[in-house]
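Visitor: I should like to examine this structure and ask on what grounds each description of it rests. May we have it before us?

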Amino acid sequence: MFLDEAEVTFVSGRGGSGAVSFHREKHVPRGGPNGADGGRGGHIILIADRGRRTLYDFKLQQRFEADSGVHGVGNKRGKDGRDIEIKVPVGTIVRDLDLDEILVDLNVHGMKFVLCRGGRGGYGNQHYTSSVRQAPNFAQKGAPEEIVHAKLELKLLADVGLVGLPNAGKSTLISMISAARPKIADYPFTTIVPNLGVVKFRDTSFVVADMPGLIQGASEGVGLGHQFLKHVERNRVLIHVVDAYPIDGSDPLENYHLIENELKLYSEEIWKRPRVIALNKTDIIPAGEFGGIRERFEGLGVPLFPISAATGQGMDPLLFEVVQLLEAAMAEPEIPVLMPALEKAVDQEWSVEQTDEGFEVYGKRVLRLVAMTDLQNDDAVRYLHRRLQRLGVIDRLRELGAEEGDTVYVGSAVFAYTDQL
Ligand SMILES: Nc1nc2c(ncn2[C@@H]2O[C@H](COP(=O)(O)OP(=O)(O)OP(=O)(O)O)[C@@H](O)[C@H]2O)c(=O)[nH]1
Ligand SMILES: [Mg+2]
């Protein structure tokens with residue numbers, strides 16, 4: 001099976017709550033607040049690892065949850081929840097299914113991505129002293145967990161891609177240069193999913209992908225080739241396999257241009273990749289015609305290798321050139337491996353909307369502030385009100401016509417609007 005997708009739910013840990021506590025020492029009549037913070041919830045971190053080849057593990061486990069942070073107790077800070085590090089194959093693309101957005105492309109070994117941040121631990125009451133509030137009797141709740149419903153997609157990782165019309169001899173070629181044994185037949189679309197093969201050449205090796213044949217319109221979705229063109233994105237070098245002597249009497253050079261045109265239409269970037277032409281089936285060209293065919297292709301200025309995938313003729317010069325091109329492509333600067341973990345951008349935006357029932361406040365940051373507030377505690381609510389005032393939320397509500405007592409929804413919490421608290 002060609003396994004390259006999985007749907008997985010990831011949940012970070014929520015933050016532990018901060019503590020309400022006061023110094024209690026002998027001979028000190030009224031100690032100040034010393035309530036400690038809650039611990040941070042565990043992150044969910046994805047790591048690209050070249051030891052992983054498939055997403056098979058995610059067929060077995062489809063949900064990952066990190067531990068919550070421990071609540072602060074007295075003046076003892078709560079312990080952080082343990083992070084969960086999950087290895088994925090290099091080349092895994094992570095899509096957020098709810099946002100329908102690609103979050104990251106883990107394309108370098110060692111690359112880390114914090115997919116779900118653990119909730120911050122809530123502040124203990126020692127953070128809330130001020131000139132007017134010397135004995136704060138509230139603390140902050142921990143920040144909520146993050147949930148990401150993700151689709152993991154693994155693109156085929158091959159260094160070299162074989163592209164060409166159906167029946168050109170791509171599968172025959174990969175079976176000649178590697179241990180791969182794809183089906184070969186004298187009808188088009190024999191290959192319906194890409195086949196990978198490892199090519200060992202002199203002191204080096206590389207991975208080749210035999211692609212389903214492309215046809216006119218492939219870039220727009222015609223035929224089988226299109227759904228696999230995305231795999232070609234990973235190939236550093238392309239071998240364009242051309243049938244030099246097609247049975248249907250079509251012109252090999254026209255066929256060549258047809259495929260090049262489809263590649264270009266699909267992606268200019270792919271089209272610009274280093275390329276060689278494998279002019280195949282030279283064994284069946286009638287004596288006397290070879291020179292003319294070759295000459296026409298030489299005019300293109302693309303490295304040209306007459307071969308016979310069936311007999312193995314011409315393999316060495318072809319592979320030698322491919323290795324040269326690969327090495328040149330690999331020499332290009334790569335992203336350093338031990339980079340700090342990447343993170344999703346934190347959403348600071350908020351907005352207010354008038355609804356039939358009152359007003360609704362949107363925005364991750366505001367929702368989080370509310371979620372971290374102990375709504376049973378008047379002082380904590382007063383403190384929240386001031387934070388919202390500072391962010392401009394209260395002003396915005398007033399601008400929209402909110403009056404004393406109007407209903408304001410923030411996430412799952414409901415408030416009565418008031419100017420001053
Ligand atoms: N004489 C000769 N026949 C070849 C050569 N290479 C491939 N063929 C034949 O051409 C036909 C198609 O070969 P495949 O390797 O299946 O072609 P493909 O490009 O993989 O085709 P699709 O998978 O359909 O896209 C088969 O009958 C092969 O035996 C060659 O060098 N010489
Ligand atoms: Mg094939």
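Visitor: How many helices and strands are there in the protein?

Guide: In this predicted model, the protein holds 10 helices and 19 strands.

Visitor: What makes the protein more spread out than a compact globule?

Guide: The globule rule gives 22 Å for 421 residues, whereas the radius of gyration is 31 Å, well over that value; the protein is therefore more spread out than a compact globule. Along the principal axes, the C-alpha trace spans about 110 × 50 × 35 Å.

Visitor: What share of the residues counts as buried?

Guide: A residue is buried if 20 or more other C-beta atoms lie within 10 Å of its own. Of the 421 residues, 38% are buried.

Visitor: Into which domains is the protein divided?

Guide: The division gives domain 1 (5-154), domain 2 (160-330) and domain 3 (347-416). The contact between domain 1 and domain 3 takes 10 residues from domain 1 and nine residues from domain 3. On the side of domain 1 that touches domain 3, five residues are nonpolar, four are polar and one is charged. The C-alpha centres of these two domains, domain 1 and domain 3, lie 24 Å apart.

Visitor: How do you know that strand S2 and strand S7 pair?

Guide: Two strands pair if DSSP finds at least two bridges between them. Four bridges join S2 (residues 44-49) to S7 (residues 112-116), so the criterion of at least two is met. The two strands run antiparallel, and Ile47 has Lys112 in S7 as its bridge partner.

Visitor: Which bridges join S2 to S4, and which join S7 to S15?

Guide: S2 and S4 run parallel and are joined by six bridges; the partner of Ile45 in S4 is Glu85. S7 and S15 (residues 342-343) also pair in the parallel sense, over two bridges, with Leu342 in S15 as the bridge partner of Phe113.

Visitor: Why are S4 and S15 called edge strands, and what is the pairing in their sheet?

Guide: The sheet is open, its four strands stand in the order S4-S2-S7-S15, and its pairing is mixed. S4 (84-89) and S15 are the edge strands: each pairs on one side only.

Visitor: Which residues come nearest to ligand 1?

Guide: Of the 24 residues around ligand 1, the nearest are Gly169, Ser171, Asp186, Thr191 and Gly213. Helix H2 (residues 170-177) supplies the largest share of this shell, three residues. By class, the shell has 10 nonpolar, 10 polar and four charged residues.

Key:
Residues are numbered from 1 along each chain as its sequence is written. Chains are lettered from A and ligands numbered from 1 in the order in which they are written. This is a predicted model: local features need pLDDT of at least 70, side-chain atom pairs count only at pLDDT 80 or more; totals for chains, interfaces and linings use all residues. A residue is near a molecule or strand if its C-beta atom, placed from the backbone, lies within 6 Å of it. Ala, Val, Leu, Ile, Met, Phe, Trp, Tyr, Cys and Pro count as nonpolar, Asp, Glu, Lys and Arg as charged, and the others, Gly among them, as polar. Domain bounds come from an automatic or database domain assignment. Two residues are in contact if their C-beta atoms, placed from the backbone, lie within 7 Å. The radius of gyration is taken over C-alpha atoms; the globule rule is 2.2 Å times the number of residues to the power 0.38. A residue is buried if 20 or more other C-beta atoms lie within 10 Å of its own, exposed if 12 or fewer, and partly exposed in between; C-beta atoms are placed from the backbone.
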